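Please open the model in your viewer and keep the sequence panel within reach. We will go from stop to stop, selecting a few residues each time.

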Amino acid sequence: MAEEIEKVEPSEFYLNICGKKRQIKFGNLALAKIEKKYGSIAEVEKLQKDIEDRPMETMPWLLSICMKDKEGIGDDADSILGALDDSDLSLTDVMTVITQAMQKSMSAMIGEETTKN
């Protein structure tokens, strides 16, 4: 599993939050935090269910684990949601960028596995 995490290709996605362009990078650290919370990176269904059932709790958590520069925002859900409100960003805006970043990282990891076999 550690080898798989090391193969994740960095993503280049951004959101403008509180007047600052912030990189959304779904790399090794974010995947490790998903693995820790859900028991395995392969448990994507559990994450998807949380996004559907509790989006206002899950989306800020996802953003907190993949946003590179949180200066002036904080890590807790209230701080992140407040910053998104102040920036006129909807849940859909944020989830689109997070999903694209996740897909790119997971595709890079899966692509490495298939070329290895």
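A residue is called exposed when its relative accessible area is over 50%, buried when that value is under 20%, and partly exposed in between. Keep those cut-offs in mind, and remember that this is a predicted model.

**Stop 1: a loop residue**

Select aspartate 88, which lies in the loop between α5 and α6. Is aspartate 88 buried or exposed? Its relative accessible area is 69%, so aspartate 88 counts as exposed. Check the backbone here too: phi of aspartate 88 is near 55°, a positive value in a residue that is not glycine.

**Stop 2: the whole chain**

Now switch to a cartoon view. You should find 6 helices and 2 strands, arranged along the sequence as α-β-β-α-α-α-α-α. Of the 117 residues in the protein, 37% are buried. Among contacts with a separation of 6 or more, 65% join residues 24 or more positions apart. If you turn on the surface, the protein exposes about 6800 Å², and carbon and sulfur atoms supply 48% of that area.

**Stop 3: the hairpin**

Select residues 13-17, which make up β1, together with residues 20-24, which make up β2. How do β1 and β2 pair? They run in the antiparallel sense, joined over 5 bridges. Two of the partnerships are easy to pick out: phenylalanine 13 has isoleucine 24 as its bridge partner in β2, and tyrosine 14 has glutamine 23.

Next, show the side chains of β1. Its covered face carries Phe13, Leu15 and Ile17, while Tyr14 and Asn16 are on the uncovered one.

Stay on tyrosine 14 and add lysine 21. The charged end of lysine 21 sits over the tyrosine 14 ring, 4.4 Å from the ring centre.

Then move to the turn itself, where 2 residues lie between the strands. Cysteine 18 belongs to this loop between β1 and β2, and its phi is positive, near 55°. With a relative accessible area of 38%, cysteine 18 is partly exposed, because that value falls between the 20% and 50% cut-offs.

**Stop 4: the nonpolar core**

Which residues have the most contacts inside the largest nonpolar core? Select Ile17, Ile24, Phe26, Leu63 and Ile98 to see them; the core as a whole has 30 residues. The elements that give it two or more residues are β1, α2 (28-38), α4 (55-66), α5 (77-86) and α6 (91-116). Colour α6 separately, as this helix provides the largest share of the core, 8 residues.

**Stop 5: along α6**

While α6 is highlighted, select methionine 106, which is part of this helix. Its relative accessibility is 17%, so methionine 106 counts as buried, being under the 20% cut-off. Leaving aside residues up to four places away in sequence, methionine 106 touches Leu31, Ile41 and Val44.

Now try two C-alpha distances. From methionine 106 to phenylalanine 26 you should get 8.9 Å, although these residues are 80 apart along the chain. For the second, take asparagine 28 and serine 105: their C-alpha atoms are separated by 8.9 Å, with their positions 77 residues apart along the chain. Asparagine 28 is in helix α2, and at 34% relative accessibility it is partly exposed.

**Stop 6: the aromatic pair**

The last stop is the 1 aromatic pair in the structure. A pair of aromatic rings is described by the distance of the centres and the angle of the planes. Select tyrosine 38 and tryptophan 61: their centres are 6.3 Å apart, with 70° between the planes, an edge-to-face arrangement. The pair links distant parts of the chain, since tyrosine 38 is in helix α2 and tryptophan 61 is in helix α4, 23 residues apart.

How do the two partners stand in terms of cover? Tyrosine 38 is buried, at 9% relative accessibility, whereas tryptophan 61 is partly exposed, with a relative accessible area of 21%.

Finally, add lysine 37 to the selection. Its charged end sits over the ring of tryptophan 61, 4.2 Å from the ring centre. With that residue in view, tryptophan 61 shows both its aromatic partner, tyrosine 38, and the charged end of lysine 37.

Conventions: Residues numbered from 1 in each chain as written. Heavy atoms only, no water. Helix = DSSP H or I, 4+ residues; strand = E, 2+ residues; numbered from the N terminus. Buried < 20%, exposed > 50% of the residue type's maximum accessible area, 1.4 Å probe, protein only. Contact = heavy atoms within 4.5 Å. Areas by Shrake-Rupley, 256 points an atom, 1.4 Å probe, with all protein chains shown as cover. Core = buried A, V, L, I, M, F, W, Y, C linked by side-chain atoms within 4.5 Å. Phe/Tyr/Trp six-rings, centres within 6.5 Å; stacked < 30°, edge-to-face > 60°. Lys NZ or Arg CZ within 6 Å of the ring centre and 35° of its normal. Pairing = 2+ DSSP bridges.
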